[in-house]
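Reader: Hey, could you walk me through this one? I'm new to reading structures.

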Amino acid sequence: MNGKVVHAIKGARNKYKPFLSPLVHSSCPIIVSEALLKITRSRILYVADIDAIEGKLLQKKIILQIANKFPDVKIWLDGGYKSSDDFKKLIGNNTSQTKKKSNIYPVFSSESLLSIEIARKSLELYPDSILSLDKKDNTFLGGSKIETFPKLWPKNVILMNLDKVGSVHGPDLEWVKKIKSYNSSINVFGAGGIRDKNDILLISKIGASGWLCSTAIHLNLIGRF
C-alpha cells in the first residue's frame, strides 16, 4: 500500500500501516520479499496490491521490480482485477516480461470480479491463474458469485478469510475441508491465522497444498523452515 509493505489485519484496510518487520526492519517491498523467500525457500510469492484492490492505480513499477528481481519465482498477484483486461494492461505493455514467459500470475478474486460471465472468461483466458475466494464476517465479498460455481474454478484456489489475516487465532481448517469435499483435485491454499508449527502440520493433514502466511514468519513464531 502506497509503495510500502503493510501489516494487513483482518481486512481493515483503513488501518493498515507500514510493517517494520522484526525479520528485516524494513517495509521496502524488494527487501521484505527477498527475506521471505530466503527464510521459506518458497518458489511462490503472493503479492496483494492494496491500492489497486481499492480501485486506485496499480503499483506497476514496484510489481515489475519484484518480478524482475526474482525471475525464478512465481509471483501470484492480486491486483484487484475486475476482468482479464486489467491484467493485460500490466503484462501487455511490459517489454521485459513479454520477451519471455511472464513469472506474474493473476489472482482473480471474488471480491473484484464484476460478474460470473467475466469470471468465467478471465479464468479460461488465463488457465494458470489463481482464484481467491474472499469472505469477511462469514460473508462472501463481491457480486460475481464465482464461489457457487466450483466447475469454473482453476487448479489453484485461495481461501481468503479476511477475519484470519494478520491474526494468530488459528487457520480456518473447516473451510478447507469443505472446499476439498467439493473437488478433491484442486490445490487449496488457505490464508492467515497461523500460530506455530503445529498449525502447519494440521493444514497439511487436512489436504491443504499451502498457506498464505506472513505475520507468523515475521514474528518468528514458526522458526526456520
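Author: Here is a chat about salt bridges, cysteines, a pocket and a surface patch.

Author: First, this is a predicted model, where local features need pLDDT of at least 70, side-chain atom pairs count only at pLDDT 80 or more, and totals for chains, interfaces and linings use all residues. Residues are numbered from 1 along each chain as its sequence is written, and side-chain values use heavy atoms, with hydrogens and water left out.

Reader: Cool. How many salt bridges are there?

Author: The count is 10 salt bridges. A salt bridge here is a side-chain nitrogen of Lys or Arg within 4 Å of a carboxyl oxygen of Asp or Glu.

Reader: What's the N to O distance for Asp-172 and Lys-135?

Author: It's 3.8 Å for the salt bridge between Asp-172 and Lys-135. That pair links distant parts of the chain, with Asp-172 in the loop between β8 (156–161) and α7 (173–182), Lys-135 in strand β6, and their positions 37 residues apart. Helices (H or I, at least four residues) and strands (E, at least two) are DSSP runs, numbered from the N terminus.

Reader: And are Asp-172 and Lys-135 buried or exposed?

Author: Both Asp-172 and Lys-135 are buried. Buried means under 20% relative accessible area, exposed means over 50%, and partly exposed is in between (1.4 Å probe, protein chains only).

Reader: What about Lys-136, which residue does its side chain meet?

Author: Lys-136 forms a salt bridge with Asp-163, at 3.5 Å from N to O. Lys-136 lies in strand β6 and Asp-163 in the loop between β8 and α7, so this pair ties together parts 27 residues apart in sequence. Lys-136 counts as partly exposed because its relative accessibility is 25%, and Asp-163 is partly exposed at 24%.

Reader: Which residue does Lys-101 pair with?

Author: Lys-101 pairs with Asp-128, and their closest N and O atoms are 4.0 Å apart. Lys-101 sits in the loop between α5 (95–98) and β5 (104–109), while Asp-128 is in the loop between α6 (116–125) and β6 (130–136). Lys-101 is exposed, with a relative accessible area of 60%, whereas Asp-128 is partly exposed at 48%.

Reader: Which residues are linked in a network of salt bridges?

Author: Glu-117, Arg-120 and Glu-124 are.

Reader: New topic: how many disulfides?

Author: Zero disulfides, going by a pair of cysteine sulfur atoms within 2.5 Å. As for cysteines, Cys-28 is partly exposed at 28% relative accessibility, and Cys-213 is partly exposed with 24%.

Reader: OK, pockets. What volume does the second largest one have?

Author: The second largest pocket has a volume of about 250 Å³. It is lined by 13 residues, and Ala-52, Lys-56, Leu-58, Gly-79 and Asp-86 lie nearest its centre. A pocket is an open set of points on a 1 Å grid over the protein atoms alone, with protein on both sides within 12 Å along at least five of seven lines, and lining residues have an atom within 4 Å of a point. Grid points are joined across faces, edges and corners, and the volume is the space filled by probe spheres set on the points.

Reader: Which helix gives the most to that lining?

Author: Helix α4 (residues 84–91), with three residues.

Reader: Last one: where is Leu-221?

Author: Leu-221 is in the segment after α9 (215–218), and Leu-221 is partly exposed at 36% relative accessible area.

Terms used: 1 Å grid on protein atoms, 1.4 Å probe; cavity = no way out; pocket = protein on both sides within 12 Å on 5 of 7 lines; lining within 4 Å.
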